[in-house]
Amino acid sequence: MYFFATGKAAPPVHFDTKRQEARFTLRDKNHRFYVVTTCVEQYETLKNNPDLELLVIGTVFSFLERGSHVHRVGFRPMLLLP
């Protein structure tokens, strides 16, 4: 099942040049989602335009943060569009 969200990347955005991926929190008006880019094109789009409003479409995952037991929700994007 696919889900979508729109918003802006909340600083800091972590760029891993070796793996060509970006990790960031997407902030919309009501929620925050953890996002890890899945391809070079998504990485380049985000790196070249850090202040863009983004549409993220992808699969959702959730995890418990180590040590704090905080539940996080995130996207593995199939599409990341400005």
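Visitor: On the other side of helix 1 from its buried residues, which residues are exposed?

Guide: Happy to start there, with the reminder that this is a predicted model, in which local features need pLDDT of at least 70, side-chain atom pairs count only at pLDDT 80 or more, and totals for chains, interfaces and linings use all residues. Residues are numbered from 1 along each chain as its sequence is written, and side-chain values use heavy atoms, with hydrogens and water left out. Helices (H or I, at least four residues) and strands (E, at least two) are DSSP runs numbered from the N terminus, and exposed means over 50% relative accessible area, buried under 20% and partly exposed in between, with a 1.4 Å probe and protein chains only. On that side of helix 1, the exposed residues are Glu41 and Asn48.

Visitor: And which residues of helix 1 are buried, and why do they lie on the same side?

Guide: The buried residues of helix 1 are Gln42, Tyr43 and Leu46. They lie on the same side because the arc they cover around the axis, taken from the directions from the helix axis to the C-beta atoms, is only 100°.

Visitor: At what angle does helix 1 run to strand 1?

Guide: Helix 1 spans residues 40-48 and lies across strand 1 (3-16), strand 2 (21-27), strand 4 (53-64) and strand 5. These strands are also among what covers the buried residues of helix 1. With axes as lines fitted to C-alpha atoms (for helices over the stretch in contact) and angles from 0 to 180 degrees between N-to-C directions, the angle to strand 1 is about 75°.

Visitor: Which residues is Gln42 in contact with, leaving aside its neighbours within four places in sequence?

Guide: Gln42 sits in helix 1 and counts as buried, because its relative accessibility is 5%. With contact meaning heavy atoms within 4.5 Å, and sequence neighbours within four places left aside, its partners are Thr37, Pro77, Met78, Leu79 and Leu80.

Visitor: In what order do the five strands close into a barrel?

Guide: Two strands pair if DSSP finds at least two bridges between them, and the pairing here is mixed. Strand 3 (residues 32-36) and strand 5 (residues 71-81) run parallel and are joined by two bridges, with Tyr34 partnering Gly74 of strand 5. The barrel order is 1-2-3-5-4.

Visitor: Which strand gives the most to the largest nonpolar core?

Guide: A nonpolar core is a set of buried Ala, Val, Leu, Ile, Met, Phe, Trp, Tyr and Cys residues joined through side-chain atoms within 4.5 Å. This one has 13 residues, of which Phe24, Leu26, Leu46, Leu54, Val56 and Phe75 touch the most other members. Strand 1, strand 2, strand 3, helix 1, strand 4 and strand 5 each supply at least two residues. The top contributor, with three residues, is strand 2.

Visitor: Which residues are linked in a network of salt bridges?

Guide: A salt bridge is a side-chain nitrogen of Lys or Arg within 4 Å of a carboxyl oxygen of Asp or Glu, and the structure holds two. Buried Glu21, at 10% relative accessibility, bridges to exposed Arg19, at 54%, with the closest N and O atoms 3.9 Å apart. Glu21 also meets Arg23 at 2.7 Å, N to O, and Arg23 is partly exposed at 29%. The network therefore links Arg19, Glu21 and Arg23.
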